[in-house]
Amino acid sequence: MSISIPLNTTLQYSSSSPSFHVPSLSLFSPIPSTAAVSVTGTRQRCLRIVTSCVSNAQKSNQNGATDAVSVVRREQIRLGLPSKGRMAADSLDLLKDCQLFVKQVNPRQYVAQIPQLPNTEVWFQRPKDIVRKLLSGDLDLGIVGLDIVSEFGQGNEDLIIVHEALNFGDCHLSLAIPNYGIFENIKSLKELAQMPQWTEERPLRVATGFTYLGPKFMKDNGIKHVSFSTADGALEAAPAMGIADAILDLVSSGTTLKENNLKEIEGGIVLESQAALVASRRALTERKGALETVHEILERLEAHLKADGQFTVVANMRGTDAEEVAERVKTQSSLSGLQGPTISPVYCKRDGKISIEYYAIVICVPKKALYESVQQLRAVGGSGVLVSPLTYIFDEETPRWSQLLSNLGL
């Protein structure tokens, strides 16, 4: 008997039922000879291949998705970025500020390049898929919120936080309850847990999209009588609709909660979150060039983020020598700079001779202390004050790099 399989037929594997299916194949349907390949005489070999595939798939299904897998061999380092929304725009802006320009030929394409990192590809993905693909080995690095890392990474040791504070996407995951009815006087998680209304038959109903962090948080806080439901869209409407008693959601300013008559309570914050640079531990230790790429990205990030909101202030000051000027400058609390003021002579030419009457003071000050620093410079004799924003501050070595090497055991 000869069995023919069309060339364009796709073998499908179901994790719920570990077997392969050929949806378009029927033994009772005629198949054009031009679109078929006979397997007579080679069926034993084909059966061995299929049996091997099924066996491997069954093992993978039994072990679960979090098992360590070997790093897939490829030349390019893959960086995952959010594909849509504010996080996507802020990620691109941050990289641009670090002189890493993402070049996307077509906005509909999901892959792009960074000319400054020729061995790196950018892949635009949903935030949760970035975490999943870091775990599966399809991505090596990613920029994503810490809340998403915690929810979908679920403590997997292969995920390693390279930089935990990229200064955008700030929010926190928090429990919120109505500010009316039986919750009007409830101000803390402890008080909420002790309410007599919650029983095994009538648990506290919480609507959330965080189906891992939510139950874990309640369990860690010893709250037993609680049930969770998932909801799409605005969770804030769930209590008013009567389908939930509380919600567990991300909060930025809290305005949306107030406008929907909801309130946060003491002890109800699950975690603080913002954008972070995350990597696969396996990729950093096994993929050629991955660690070097991370080092460069990290140095650029650190230099830019450290300089963000900092200003260089330069002023001239009369003095007998550099030490005397330094003593005057150091009397002012806002003029200490990063490690101390830099003082150098200003060479003037008078009557054909070079003389030193002024000294230039250079300090670095944060934006919030800028005006105060200018006033203090004037108070000790400073003049001709120049102010310019800082772009980068490169340290001798970035502290997070040393920490990363330590975490990797290198």
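Is Asp220 buried or exposed? At 54% relative accessibility, Asp220 is exposed, since the cut-off for that class is over 50%. This residue offers a friendly way into the structure, which is a predicted model. The paragraphs below begin with the protein as a whole, move on to one of its sheets and the helices that pack there, and then turn to charged pairs and the surface.

The protein contains 13 helices and 19 strands. Of its 410 residues, 38% are buried. The accessible surface amounts to about 23,700 Å², and carbon and sulfur atoms account for 51% of that area. Contacts can also be sorted by how far apart the partners are in sequence. Among contacts between residues at least 6 apart in sequence, 71% join residues at least 24 apart.

One sheet deserves a closer look. This open sheet is built from 5 strands, arranged in the order β12-β11-β13-β10-β14, and the pairing is mixed. Strands β12 (226–229) and β14 (262–273) stand at the edges; each has a single partner strand, so one side of each is left without a neighbour in the sheet. From one strand to the next, the twist averages 25 degrees. At the β12 edge, β12 runs parallel to strand β11 (residues 204–208), and 4 bridges join the two. A reader can find one of these pairings in the structure by starting at Leu204, whose bridge partner in β12 is Val226.

Helices pack on this sheet as well. Helix α6 (residues 213–220) touches β10 (171–178), β11, β12, β13 and β14, and its direction makes about 105 degrees with that of β14. Helix α4 (residues 146–153) lies across β13 (246–251) and β14, and runs at about 80 degrees to β14.

Strand β14 also leads to a contact between distant parts of the sequence. Asn261 sits in the loop between α8 (255–259) and β14, and is partly exposed, with a relative accessibility of 41%. Although Asn261 and Pro178 are 83 residues apart in sequence, their C-alpha atoms are 5.8 Å apart in space. Leaving aside residues up to four places away in sequence, Asn261 touches Ile177, Pro178, Asn179 and Tyr180.

Charged residues come next. Side chains of opposite charge can pair when their charged atoms come close. A search of the whole structure finds 17 salt bridges. One of them brings back the residue from the opening: Asp220 pairs with Lys216, with the closest N and O atoms 3.1 Å apart. Both residues belong to helix α6, where they are 4 residues apart, about one turn of the helix. Lys216 is partly exposed, with a relative accessible area of 39%, whereas Asp220 is exposed at 54%.

A second pair lies within helix α2 (residues 85–97): Arg86 and Asp90 are 4 residues apart there, about one turn of the helix. Their closest N and O atoms are 3.2 Å apart, forming a salt bridge. Arg86 is exposed, at 65% relative accessibility. Asp90, in contrast, has a relative accessible area of 17% and is buried, because the cut-off for that class is under 20%.

Which residue forms a salt bridge with Arg400? The partner is Glu164, and the closest N and O atoms are 2.8 Å apart. Arg400 lies in helix α13 (residues 399–408) and Glu164 in the loop between β9 (159–163) and β10, so this pair ties together parts that are 236 residues apart in sequence. Both partners are partly exposed: Arg400 has a relative accessibility of 25%, and Glu164 has one of 36%. Elsewhere, Arg74, Asp140 and Arg287 are linked in a network of salt bridges.

The surface has nonpolar ground too. Tyr347, Ile354 and Ile356 make a nonpolar surface patch of about 340 Å². Within this patch, Ile356 belongs to strand β18 (residues 353–366). With a relative accessible area of 37%, Ile356 is partly exposed; residues in such patches need over 30%, so Ile356 meets that cut-off.

Technical notes. Residues numbered from 1 in each chain as written. Predicted model: local features only at pLDDT ≥ 70, side-chain atom pairs only at ≥ 80, totals over all residues. Heavy atoms only, no water. Patch = residues over 30% accessible without salt bridge, like charges linked within 9 Å, V, L, I, M, F, W, Y side chains within 5 Å. Areas by Shrake-Rupley, 256 points an atom, 1.4 Å probe, with all protein chains shown as cover. Salt bridge = Lys/Arg side-chain N within 4 Å of Asp/Glu carboxyl O. Buried < 20%, exposed > 50% of the residue type's maximum accessible area, 1.4 Å probe, protein only. Pairing = 2+ DSSP bridges. Axes fitted to C-alpha atoms, helices over the stretch in contact; angles between N-to-C directions. Contact = heavy atoms within 4.5 Å.
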